[in-house]
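Trainee: I am new to this structure and would like to learn how to read it. Could you walk me through a few features?

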Amino acid sequence: MSTEIKTKRLTTRDIRARKGSDPVVVLTAYTTPMARLLDPHCDILLVGDSLGMVLYGMESTLGVSLDMMINHGRAVMRGSSRSMVVVDMPFASYQESRELAFRNAARIMTETGCAAVKMEGGHEMADTIHFLTSRGVPVMAHIGLMPQAVNTAGGFRAHGRTEDEAAAIRVDARAVADAGAFSVVVEGTIESVARALTAEIDIPTIGIGASAACDGQVLVTEDLVGLFNDFTPKFVKRYADLSPQISQAAADYAADVKSRAFPGPEHCFGVPKQK
Ligand code: KIV
């Protein structure tokens, strides 16, 4: 009998139980090495479709494919053992019908082994969320600023400034909670609105540019460590600035190669050690 103790991953049940208690810590991860670094510190690793912009240099998330999400989802599963892994459903993989959404969510779950999918949308996605969650697919919802809707929303801007918009976001929050989502990301939303809807619904709200009153927070890891510099939203707090270090390392390497200082004898095979 094996004596190996396998770490149990957090489940949707564990996350739901955090409503109104210990804040839920969420970061994005797209690769195995990054997942290994983040896993001990996070409750959820989100394989976000932000990878289109952060890793692939796209201008928006609209060009991200299901296969891209599945490949990165697999990589993050390989690099983690404790966090719950949630994979984003990319644009056009779920909006058309609930059946299409189920088929693609099932592909993501069976091919990556992740525990849940995330999809953008409020009341208009409630029927789809109910269809999936009642058929074994846990869903994290995403309301407020929805990057996949950037073209209809008129750009990346904070939501909930007008009374109508604030009321609509609160309706969305209730709709996705009633439909069975186990948690909901609230992005780019006026503080008072995020605070109010967090008090109104019984599933954890995960804020990004929303409010400290949310039940948890998520950030894009590359924003947090200074590896994505195309633009930095107001809601990002930078905890490290790794770009200059990487740049310096590459410059030092290039100088060593050019001056033949690298490789040294210690990096070569068959070179006797100097006494
Ligand atoms: O794609 C993503 O990384 C996200 C988070 C920013 C919430 O949706």
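Mentor: Gladly; we will take the ligand site, then a helix, then a strand residue. Keep in mind that this is a predicted model.

Trainee: Which residues are around the ligand?

Mentor: They are Thr-28, Leu-46, Gly-48, Asp-49, Ser-50, Asp-88, Lys-118, His-142, Val-185, Ile-208, Val-218 and Val-220. Three of these also place a polar side-chain atom by a ligand oxygen atom: Asp-49 at 3.0 Å, Ser-50 at 2.5 Å and Asp-88 at 3.2 Å. Taken alone, the ligand exposes 260 Å², and the protein buries 95% of that.

Trainee: What span should helix H11 have, and how far apart are its end C-alpha atoms?

Mentor: In general, an α-helix has 3.6 residues a turn, so residues three or four places apart point the same way. H11 covers residues 242-259. At 1.5 Å a residue, its 18 residues should span 26 Å, and the end C-alpha atoms are 26 Å apart, so the two agree. Just after H11 comes Arg-260, with a positive phi near 60°.

Trainee: Which residues form a nonpolar patch on the surface?

Mentor: Tyr-253, which lies in H11, forms it together with Val-257 and Phe-262. The accessible area of the three together is about 280 Å².

Trainee: And Gln-217: why does it count as partly exposed?

Mentor: The partly exposed class runs between 20% and 50% relative accessible area. Gln-217 has 35%, so it falls in that class. This residue sits in strand E8, residues 216-219. Its C-alpha atom is 10.0 Å from that of Glu-187, 30 residues away along the chain.

Methods: Residues numbered from 1 in each chain as written. Predicted model: local features only at pLDDT ≥ 70, side-chain atom pairs only at ≥ 80, totals over all residues. Heavy atoms only, no water. Patch = residues over 30% accessible without salt bridge, like charges linked within 9 Å, V, L, I, M, F, W, Y side chains within 5 Å. Areas by Shrake-Rupley, 256 points an atom, 1.4 Å probe, with all protein chains shown as cover. Salt bridge = Lys/Arg side-chain N within 4 Å of Asp/Glu carboxyl O. Helix = DSSP H or I, 4+ residues; strand = E, 2+ residues; numbered from the N terminus. Expected span 1.5 Å × (residues − 1). Near = heavy atom within 4 Å. Polar contact = N/O pair within 3.5 Å; in protein donor to acceptor, adjacent residues only side chain to side chain. Buried < 20%, exposed > 50% of the residue type's maximum accessible area, 1.4 Å probe, protein only.
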